[in-house]
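The exercises below ask you to read strand pairing, sheet order and burial from a model, with the solution following each task. Please keep the sequence and the coordinates open beside the text.

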Amino acid sequence: MPTLFCHKLEADANGFLGVYELAVYADPFVDADGDGMLNIDEYIAGTDPLDAKDVFKVTSSEKQGGAFSAQVQGRTGRIYTLQRSGNLGPDNWASVASAGPLAADGPVTLADPEAPAGTAFYRVGVELPQQ
């Protein structure tokens with residue numbers, strides 16, 4: 001669910017382009033660190049495109065009673081959305097919770113207080129705010 005965006009290249013305070021800018025704009029559609037995420041998706045998620053251990057993922061999830069929750073490691077400025085579907089079709093996802101843009105890095109728990117009693121599929125998306 002990452003959102004593509006336009007971003008102007010700017011030098012950091014030291015006059016050099018940042019790690020993200022170099023990795024993403026050298027080739028945004030390559031996985032520079034081999035972790036399964038494209039450089040552009042790493043930028044959107046706020047993860048390091050040169051560190052295979054730094055990847056966006058659900059760190060925990062659980063269903064208790066009629067509620068489902070999922071947790072991710074949140075990054076400053078990102079928006080997180082929990083989506084639910086009754087099947088894995090591409091157009092059947094409904095947003096049930098969101099958080100952000102975050103003021104600081106930290107764990108984010110997204111909850112669906114009305115999880116269905118039967119089968120349901122969940123996913124968590126991350127995006128940057130509209131500029």
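**Exercise 1.** Find the residue of β4 that is the bridge partner of Y80.

Solution. In this predicted model, the bridge partner of Y80 within β4 is A99. Next, place that bridge in its strand pair: β3, which covers residues 79–85, runs antiparallel to β4 and is joined to it by five bridges, where a pair of strands requires at least two DSSP bridges and a strand is a DSSP run of E with at least two residues, numbered from the N terminus.

**Exercise 2.** Establish the strand order of the open sheet and explain which strands stand at its edges.

Solution. The three strands of the open sheet follow the order β4-β3-β6, and their pairing is antiparallel. Because β4 (94–99) and β6 (121–127) each have a single partner strand, they stand at the edges, and one side of each lacks a neighbour in the sheet. From one strand to the next, the twist averages 25 degrees, with axes fitted to C-alpha atoms and angles between N-to-C directions running from 0 to 180 degrees.

**Exercise 3.** Describe the chain in terms of its elements and burial.

Solution. Start with the elements: two helices (DSSP runs of H or I with at least four residues) and six strands, arranged along the sequence as α-α-β-β-β-β-β-β. Then turn to burial: of the 131 residues, 35% are buried, that is, under 20% relative accessible area with a 1.4 Å probe, protein chains only.

**Notes.** Residues are numbered from 1 along each chain as its sequence is written. Local features need pLDDT of at least 70 and side-chain atom pairs pLDDT 80 or more, whereas totals for chains, interfaces and linings use all residues, and side-chain values use heavy atoms, without hydrogens or water.

Terms used. Buried means under 20% relative accessible area, exposed over 50%, partly exposed in between (1.4 Å probe, protein chains only).
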